[in-house]
Amino acid sequence: MANGKWAVVTGASSGIGEATARALAAAGFEVMVGARRLDRLQGLAAQIGGQAVRLDVTDAASVEAFCAAVPAELAVLVNNAGGALGLDPVAQARDEDWARMYETNVLGLMRVTRALLPRLVAGQGHIVNVTSIAGREVYPNGAGYTAAKHAARAVTQTLRLELNGTPVRVTDIAPGLVETEFSRVRFFGDVERAKKTYEGLTALTADDIADCIAWAVTRPAHVNIDEIVVKPVAQASATMVARGKGL
Ligand code: NAP
């Protein structure tokens with residue numbers, strides 16, 4: 001049943017963001033979705049009765065236009081837009097990949113949050129940042145992504161401190177392996193290589209993460225879920241993954 005509250009989900013054209021938009025709509029929120037692929041967003045918005053607005057979190061003008069369309073009182077902001085590019089050792093790091101990862105996962109999160117904070121305070125809102133276990137661990141060849149997600153986690157923890165004394169809640173969602181378009185993007189469209197990431201285990205689904213987010217934002221107003229770390233049973237750490245065990 002509709003609760004009359006607004007939620008914004010960035011990076012909602014696929015994967016975790018799309019599933020989160022669906023879950024929040026099912027929980028009664030009016031959902032505004034943003035990403036660069038407007039055709040996908042419009043299809044989603046039509047299904048969930050939401051509003052689709054093009055958003056490129058790396059472009060200040062796009063963020064400004066997107067945020068101008070958000071109502072004055074906002075209950076939930078899910079900063080989900082992001083991802084990885086490449087899997088290379090530091091010795092072969094490509095500047096453009098590192099810059100884009102920092103732009104989307106860190107600066108994008110900051111830009112959208114900064115622009116929407118007055119609306120979140122007015123709406124006694126909740127900021128949910130989708131970081132990663134890559135924000136807590138490092139692994140060989142992953143420094144560009146882990147550095148960006150460590151930074152995203154640092155920003156999230158800082159927001160929790162800076163917003164103390166306001167009603168705004170802050171939650172860090174840190175998933176392990178989730179089967180989405182993430183690896184296809186990371187490997188620049190190499191579908192076969194992307195598939196191998198999830199071979200021999202049952203990866204998390206985007207719905208599993210959406211479930212965590214919907215749960216966190218529907219707790220009573222005095223309850224702040226600071227962080228949720230969620231991994232497949234077969235994954236004990238970023239680098240320790242049991243494959244071929246039927247898990
Ligand atoms: P995905 O299916 O590739 O989704 C990524 C989303 O981010 C897409 O909707 C994409 O939309 C959007 N996006 C990328 N760049 C953007 C930009 N500049 N401006 C606006 N939107 C942008 O991957 P996912 O797994 O759902 O990833 C969602 C989040 O979860 C990411 O932050 C990722 O780092 C994090 N995460 C994923 C995993 C995993 O294993 N899959 C694990 C931990 C954390 P457009 O391309 O249409 O713009």
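**Exercise 1. In this predicted model, identify the residues that Ile-209 touches, leaving aside residues up to four places away in sequence.**

Solution. With those positions set aside, the contacts of Ile-209 are Ile-16, Ile-173, Pro-175, Val-178, Leu-204 and Val-230. The next step is to place Ile-209 in its wider setting. Ile-209 is among the residues with the most contacts inside the largest nonpolar core, which has 33 residues. The others in that group are Leu-24, Phe-29, Val-31, Val-76, Val-78 and Ile-213. At least two residues of this core come from each of several elements, including strand S1 (6-10), helix H1 (15-26), strand S4 (76-79) and helix H8 (206-217). H8 gives the most, with eight residues. A second core, separate from this one, has 19 residues, among them Val-53, Leu-55, Val-63 and Cys-67. As background, nonpolar side chains in soluble globular proteins tend to be buried together.

**Exercise 2. Determine which way the residues of S4 point, and how S4 is joined to S1 and S5.**

Solution. Begin with the side chains: Val-76 and Val-78 point one way from S4, whereas Leu-77 and Asn-79 point the other way. All of these residues are buried. In a regular strand, side chains alternate between the two faces of the sheet. Next, consider the pairing. S1 and S4 run parallel and are joined by three bridges; Val-9 has Val-78 as its bridge partner in S4. S4 and S5 also run parallel, with four bridges between them, and Asn-79 is partnered by Asn-129 in S5. Finally, trace the connection: S4, helix H4 (residues 95-122) and S5 form a right-handed β-α-β unit.

**Exercise 3. Describe the span of H1 and the packing of its buried residues.**

Solution. The 12 residues of H1 reach 17 Å from the first C-alpha to the last, close to the 16 Å expected at 1.5 Å a residue. The buried residues are Ile-16, Gly-17, Ala-19, Thr-20, Ala-21 and Leu-24. They pack against S1, S2, H2, S4, strand S6 (169-175) and H8. After H1 comes Gly-28, which has a positive phi near 110°.

**Exercise 4. Decide whether Glu-181 is buried or exposed, and identify its side-chain polar contact with Arg-40.**

Solution. Locate the residue first: Glu-181 lies in the loop between S6 and helix H6 (182-186). Its relative accessibility is 17%, and the cut-off for buried is under 20%, so Glu-181 counts as buried. Now examine its neighbours. Glu-181 touches Ser-14, Arg-37 and Arg-40, not counting residues up to four places away in sequence. With Arg-40 there is a polar contact between the two side chains, at 2.8 Å.

How values were computed
Residues numbered from 1 in each chain as written. Predicted model: local features only at pLDDT ≥ 70, side-chain atom pairs only at ≥ 80, totals over all residues. Heavy atoms only, no water. Core = buried A, V, L, I, M, F, W, Y, C linked by side-chain atoms within 4.5 Å. Buried < 20%, exposed > 50% of the residue type's maximum accessible area, 1.4 Å probe, protein only. Contact = heavy atoms within 4.5 Å. Pairing = 2+ DSSP bridges. Right-handed = clockwise from strand over helix to strand, strands pointing away. Expected span 1.5 Å × (residues − 1). Polar contact = N/O pair within 3.5 Å; in protein donor to acceptor, adjacent residues only side chain to side chain.
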